Amino acid sequence: MPISLKVNGKTRTVDVPADMPLLWVLRDELDLKGTKYGCGVARCGACTVHVNGVAQRTCNMPVSRAAGAEITTIEGLSPDGAHAVQQAWEELDVPQCGYCQAGQMMAAAALIEKTPRPSDADIDTALNTNLCRCATYLRIRAAVHRAAAIKSGTASTVPAGAGRTGPDNQRED
């Protein structure tokens with residue numbers, strides 16, 4: 001059954017089973033490989049995209065639920081890397097292995113859209129189910145603050161390596 005989707009600003013039609021997870025449609029049918037498969041049960045966040053501006057897990061979301069919705073993947077966040085979250089992630093050199101980063105970035109982008117100046121608690125709450133096996137949580141939190149400052153126009157220059165201060169493996173929860 002053909003299903004029409006709006007992905008990264010373009011209307012796309014796929015002929016897949018209605019219960020196929022959106023993740024597989026994005027990766028296998030539309031060749032958008034930035035969204036990752038992690039756990040397959042919507043617990044790790046590697047598969048996070050925006051559906052109508054809300055961060056959603058796609059590994060267990062039937063594609064039929066996304067029909068007609070505005071879907072944004074990491075590829076569509078900003079194709080030229082100009083989104084505040086992309087800038088902050090690059091400035092603070094956040095990723096280690098990088099596997100979870102697309103999901104982390106999509107969750108962060110949704111957060112700062114909804115909460116332009118998030119507190120540490122806001123960040124921890126919004127991203128606490130996006131798991132990072134490298135435990136870069138402190139750099140992720142710093143990058144979300146930096147992205148919020150970039151987005152609001154209050155960001156100052158960040159010294160090189162600023163995101164790598166202190167141990168990364170100390171999660172505060």
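**Entry 1: Lys33 and Asp31**

I began with Lys33, which forms a salt bridge with Asp31; the closest N and O atoms are 3.7 Å apart. I note here that the model is a predicted one. I then looked up the accessibility of both partners. Lys33 has a relative accessible area of 37% and is partly exposed. Asp31 reaches 55% and is therefore classed as exposed, since the cut-off for that class is over 50%.

**Entry 2: Glu113 and Lys151**

I next asked how many salt bridges the structure holds. The count is six. One that I examined joins the side chains of Glu113 and Lys151, at 3.5 Å from N to O. This pair links distant parts of the chain, with Glu113 in helix α4 and Lys151 in helix α6, 38 residues apart. Glu113 is exposed at 52% relative accessibility. Lys151, with a relative accessible area of 43%, is partly exposed.

**Entry 3: Asp120, Asp124 and Arg141**

I turned to Asp120, whose salt bridge with Arg141 has its closest N and O atoms 3.6 Å apart. Because Asp120 lies in helix α5 and Arg141 in helix α6, the pair ties together parts that are 21 residues apart in sequence. I then checked each partner: is Arg141 buried or exposed? At 11% relative accessibility, Arg141 counts as buried, because the limit for that class is under 20%. Asp120 is partly exposed at 36%. I also recorded that salt bridges with shared partners join Asp120, Asp124 and Arg141 into one network.

**Entry 4: The largest nonpolar core**

I moved to the nonpolar residues. The largest nonpolar core has 28 residues, and the members that touch the most others are Val85, Trp89, Ile140 and Val144. I looked up which elements give two or more residues to this core. They are α2 (74-77), α3 (84-91), α4 (101-114), α5 (120-127) and α6 (137-152). Helix α4 supplies the largest share, eight residues.

I followed Val144 further and set aside its neighbours within four places in sequence. The remaining contacts of Val144 are Trp89, Ala108, Leu111, Ile112, Pro118, Ile123 and Leu127. Of these, Trp89 is itself listed with Val144 among the core members that touch the most others.

**Entry 5: The second core**

I closed with a second core, separate from the largest one and made up of 17 residues. Among its members I noted Leu26, Leu32, Val49 and Val63.

Definitions and conventions:
Residues numbered from 1 in each chain as written. Predicted model: local features only at pLDDT ≥ 70, side-chain atom pairs only at ≥ 80, totals over all residues. Heavy atoms only, no water. Core = buried A, V, L, I, M, F, W, Y, C linked by side-chain atoms within 4.5 Å. Buried < 20%, exposed > 50% of the residue type's maximum accessible area, 1.4 Å probe, protein only. Helix = DSSP H or I, 4+ residues; strand = E, 2+ residues; numbered from the N terminus. Contact = heavy atoms within 4.5 Å. Salt bridge = Lys/Arg side-chain N within 4 Å of Asp/Glu carboxyl O.
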